[in-house]
Amino acid sequence: MNSSRRSFVAKLWLALGGAALIEYAWLIREFLRPRSAKAEDEMLMIAGEVERFERGSVTAFPAGRFYLARLEDGGFMAFDRQCTHLGCTVPWHDEERQFVCPCHASSYDIRGEVLNPPAPRPLDLYAVRIENGIVKVDTRQPVRRQTFEPSQVARV
Ligand code: FES
């Protein structure tokens, strides 16, 4: 390798390192910056009135990329629609009463728990709030979990 090529490669590495540093600094700034109430409101999706959702039903919200499940006992759960195996979108099969991944056949029950692997854990959750009879889903960040717990269910 001649010296001009070596110099070019060194400059390229320097430029890439600089770009990575700038991106890293931006990420830290975004992480530390307080979220405004407006931003939080924008990520809170209004799903609808409680009565709109039948017990034992699953409703897809494609715009929010989540499913809202109303359990037989009346509680609500919201799931990220990505399979926890490799991230394929998992459709709900009403006749089978389960989510079935089209990629490698993982399946999940109405609470998002794994019925059939290779999915390593339940569907990720979004927080559900019920205010004045209205169901709202916080779509900012899906929450990973290892198993179903009753505390994950939002109640009226
Ligand atoms: S991505 Fe769903 S089972 Fe593999």
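Trp13 is a good place to start: with a relative accessible area of 61%, this residue is exposed, because the cut-off for that word is over 50%. You will find Trp13 in helix 1, which covers residues 3-32. Keep in mind as you look around that the model is predicted. Trp13 also has company at the surface, where Phe8, Leu12, Trp13 and Leu16 make up a nonpolar patch. Together these residues have about 480 Å² of accessible area. As a general background, nonpolar side chains in soluble globular proteins tend to be buried together.

That brings us to the interior. The largest nonpolar core has 19 residues. Within this core, the residues that touch the most other members are Val58, Met77, Phe79, Phe99 and Tyr108. Strand 3 (66-70) supplies at least two residues of the core, and strand 4 likewise supplies at least two. Another core lies apart from this one and has 13 residues. Val50, Leu68, Ala78 and Ala154 are among them.

Next, let us follow the strands. Strands of a sheet pair through backbone hydrogen bonds, either parallel or antiparallel. Which order do the four strands of the open sheet follow here? They run 5-6-7-8, and their pairing is antiparallel. At the edges are strand 5 and strand 8 (114-116), each of which pairs on one side only. Looking inside the sheet, strand 6 and strand 7 are joined over two bridges in the antiparallel sense. To see one residue's bridge partner, find Val100 and look across to Ser107 in strand 7.

Now turn to the cysteines. How many disulfides does the structure hold? The count is one, and it is formed by Cys88 and Cys103, whose sulfur atoms are 1.9 Å apart. The torsion about their S-S bond is about -95°, so this disulfide is left-handed. Where does the pair sit? Cys88 belongs to the loop between strand 4 (76-80) and strand 5 (92-93), while Cys103 belongs to the loop between strand 6 (98-100) and strand 7 (107-108), so the bond ties together parts that are 15 residues apart in sequence.

Is Cys83 buried or exposed? Its relative accessible area is 5%, so Cys83 is buried, the limit being under 20%. Cys101 is buried too, with a relative accessible area of 4%. Cys103, one partner in the disulfide, has a relative accessibility of 36% and therefore counts as partly exposed.

Definitions and conventions: Residues numbered from 1 in each chain as written. Predicted model: local features only at pLDDT ≥ 70, side-chain atom pairs only at ≥ 80, totals over all residues. Heavy atoms only, no water. Disulfide = S-S within 2.5 Å. Buried < 20%, exposed > 50% of the residue type's maximum accessible area, 1.4 Å probe, protein only. Pairing = 2+ DSSP bridges. Patch = residues over 30% accessible without salt bridge, like charges linked within 9 Å, V, L, I, M, F, W, Y side chains within 5 Å. Areas by Shrake-Rupley, 256 points an atom, 1.4 Å probe, with all protein chains shown as cover. Salt bridge = Lys/Arg side-chain N within 4 Å of Asp/Glu carboxyl O. Core = buried A, V, L, I, M, F, W, Y, C linked by side-chain atoms within 4.5 Å.
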